[in-house]
Amino acid sequence: MQFADLFGWDVDFVRDIKRGDQFKIVFEEIFKNGEKMGTGKILAAEFFNDGKRHRAFYFSGANGADGYYNQFGEAMKKAFLLAPLNFTKVSSRFNLGRMHPILNRIRAHKGVDYAAPMGTPVRAVANGRIDFAGVQNGYGNVLVLKHGDRYSTLYGHMMKFAAGISRGDAVKQGQLIGYVGKTGLATGPHLHYEFRVDGVHVDPLTAKLPQAIPLEKKYLAEFLKRVAPTVSQLDGISTDSSTHRETAVSKNDSSPASIAN
Ligand SMILES: [Zn+2]
């Protein structure tokens, strides 16, 4: 199941499985006093599906960056939720020539308004870090998340932030960050949501959002260095036999083992 979860964003395990598909897994085995206690995380995996090879590697240590990445350092999971909340309706779209309902003059609307009842939970659309959490004039209680080097999202008019939210903290995709409100310039409860790529606002409803957030550049070199031995390990597993084999390659605590089909 862990394996299926890993590739579940790229492969439909019900419909896409083909004769001749192959997989390889490098995973932890947990030992205590020389006795095997069970299995732990998958450290690396390869899935050869319908002629296409997918690879995933576990990487930890970078603040907020724990998880699975492909060989290029791109996250395996889809980077962005489609919306940060369960909304009633889109009450105002991205519109650079919009008449502001309170200011009564043309003011670009560089985001999307999601109407929802007061107190509706607002969730981080992607893994990231809190870049700003506080009050800004028109936005009221506003939160800005940074996702890697290129992307950021903004959540405005919130009633309040979730407990423990503070600048610099890492957030996970789907994590509760606040509640819908009408602070700042708002006629009713809604979430004002903005999406920026390289600092430029894009329409989150129509923009082709990135599939995956790459690791920040500062972690990429370390990632490539750390996965190199696992890449060789995957390469070294033969899949020429049709019988299932299991090979424990080490017996230290939390040792990597590998299997191939
Ligand atoms: Zn708005």
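**Helix α2, the strands and the core**

At 1.5 Å a residue, the 20 residues of helix α2 (residues 217-236) should span 28 Å, and the end C-alpha atoms turn out to be 29 Å apart, which agrees. Keep in mind that this is a predicted model. The helix does not run straight, though: α2 bends by about 40° at alanine 228. A proline, proline 229, follows within four residues of that spot. Among the residues of α2, Phe223, Val227 and Leu234 are buried. What do the buried residues of α2 pack against? Their partners are four strands, namely β1 (22-32), β2 (35-49), β3 (52-59) and β4 (67-69).

Stepping back to the whole chain, there are two helices and 16 strands. The protein chain has 261 residues, and buried ones make up 32% of them. Contacts can also be sorted by how far apart the partners sit in the sequence. Taking the contacts with a separation of 6 or more, 61% are between residues 24 or more positions apart.

Next comes the inside of the protein. In soluble globular proteins, nonpolar side chains tend to be buried together. Here, the largest nonpolar core holds 51 residues, and Leu143 and Tyr155 touch the most other members. Strand β10 (residues 151-161) gives the most to this core, with five residues. The core also draws on two domains, with at least three residues from each of domain 1 (2-78 + 215-260) and domain 2 (89-202). Tyrosine 155 has plenty of company even when residues up to four places away in sequence are left out: the list is Pro84, Val122, Val142, Leu143, Ile177, Gly178, Leu191 and Tyr193.

Leu143 and Tyr155 also meet in the strand pairing, since tyrosine 155 in β10 is the bridge partner of leucine 143. Strand β9 (residues 140-147) is mostly covered, with six of its eight residues buried. On one side of the story, β9 pairs with β10 in the antiparallel sense over six bridges. The hairpin of β9 and β10 has three residues between the strands, and glycine 148 in this hairpin takes a positive phi near 70°. On the other, seven bridges join β9 to strand β8 (residues 128-136), and this pair runs antiparallel too. β8 and β9 likewise form a hairpin, with three residues between them. Within that pair, isoleucine 130 stands opposite leucine 145 in β9.

Strand β8 has a further partner in β11 (residues 170-171), joined to β8 by two bridges in an antiparallel arrangement. Which residue of β11 is the bridge partner of arginine 129? That place goes to alanine 170.

A few loop residues deserve a look as well. Glycine 184 is found in the loop between β12 (176-180) and β13 (190-197). Is glycine 184 buried, exposed or partly exposed? With 18 other C-beta atoms within 10 Å, glycine 184 is partly exposed, because a residue counts as buried at 20 or more and as exposed at 12 or fewer. The contacts of glycine 184, again skipping residues up to four places away in sequence, are Asn137, Gly138, Tyr139, Gly140, Gly156 and His157. Glycine 184 and methionine 158 are 26 residues apart along the chain, and their C-alpha atoms are separated by 8.8 Å.

Two other loop residues have a positive phi without being glycine. One of them is aspartate 50, with phi near 50°, in the loop between β2 and β3. Aspartate 50 has 12 C-beta neighbours inside 10 Å, so this residue counts as exposed; the cut-off for exposed is 12 or fewer. Asparagine 104 has a positive phi of about 55° although it is not a glycine. This asparagine 104 sits in the loop between β5 (89-92) and β6 (112-115). Asparagine 104 is exposed as well, because just 8 other C-beta atoms lie within 10 Å.

Methods:
Residues are numbered from 1 along each chain as its sequence is written. This is a predicted model: local features need pLDDT of at least 70, side-chain atom pairs count only at pLDDT 80 or more; totals for chains, interfaces and linings use all residues. The expected span of a helix is 1.5 Å times one less than its number of residues. The bend at a residue is the angle between axes fitted to the seven residues ending there and the seven starting there. Two residues are in contact if their C-beta atoms, placed from the backbone, lie within 7 Å. A nonpolar core is a set of buried Ala, Val, Leu, Ile, Met, Phe, Trp, Tyr and Cys residues joined through C-beta atoms within 7 Å. Domain bounds come from an automatic or database domain assignment. Two strands pair if DSSP finds at least two bridges between them.
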